[in-house]
Amino acid sequence: QVQVVESGGGLVQAGGSLRLTCAASGSVFRDTAVAWHRQTTGKEREFVAIVTSGGITNYRDSVKGRFTISRDNAKNTVTLQMNTLKPEDTAVYYCNVPEYNRWGQGTQVTVSS
């Protein structure tokens, strides 16, 4: 069974950076894709980025060139490096393992203008 826990959120000024980490338990983690999603109050949760078991990545258009998703299978972690943050990136960010429909509790990211 896969469990995930996010960390690394916080408050940052526009143009700044944050690094989110998704730590997972379970031996199957390295064999499955892991994604980040985000949600703001009153809006639907939206896809941000995904990394496959083989390291292939994909991003939503609005974060391309600013966010980088990567994985360390030895540590069972997936990282979302977020640079040049904008106020519209403010949201609760969730780690997700789609194959097992597992979600973390979320971590708040707030970008001030």
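What share of the contacts in the protein with a separation of 6 or more comes from residues 24 or more positions apart? The share is 54%. Keep that in mind as you move through this predicted model.

**Start with the whole chain.** Show it as a cartoon. You will find 11 strands and 0 helices. Follow the sequence from end to end and the pattern reads β-β-β-β-β-β-β-β-β-β-β.

**Switch to the C-alpha trace.** Along its principal axes the trace spans about 40 × 25 × 20 Å. The radius of gyration is 13 Å, which agrees with a compact globule of 113 residues, because such a globule would come out near 13 Å.

**Turn on the surface.** The protein exposes about 5800 Å². Carbon and sulfur atoms supply 47% of that area. Of the 113 residues, 40% are buried.

**Colour by charge.** There are 12 positive and 9 negative charges. The mean positions of these two sets lie 3 Å apart.

**Now select residues 91–97.** This is strand 9, and Asn96 sits in it. Is Asn96 buried or exposed? Asn96 counts as buried because its relative accessibility is 5%, and the cut-off for buried is under 20%.

**Show the side chain of Asn96.** Look for the backbone oxygen of Arg102: the Asn96 side chain reaches that oxygen at 3.0 Å.

**Add the surroundings of Asn96.** Leave aside neighbours within four places in sequence. Select Ala33, Val34, Ala35 and His37, which are in contact with Asn96. Then add Arg102 and Trp103, also contacts of Asn96. Arg102 thus appears twice on this stop: in the contact list and through its backbone oxygen.

Key
Residues numbered from 1 in each chain as written. Predicted model: local features only at pLDDT ≥ 70, side-chain atom pairs only at ≥ 80, totals over all residues. Heavy atoms only, no water. Helix = DSSP H or I, 4+ residues; strand = E, 2+ residues; numbered from the N terminus. Buried < 20%, exposed > 50% of the residue type's maximum accessible area, 1.4 Å probe, protein only. Polar contact = N/O pair within 3.5 Å; in protein donor to acceptor, adjacent residues only side chain to side chain. Contact = heavy atoms within 4.5 Å. Rg over C-alpha atoms; globule rule 2.2 N^0.38 Å. Areas by Shrake-Rupley, 256 points an atom, 1.4 Å probe, with all protein chains shown as cover. Lys, Arg positive; Asp, Glu negative; His and termini not counted. Charge placed at Lys NZ, Arg CZ, Asp CG, Glu CD.
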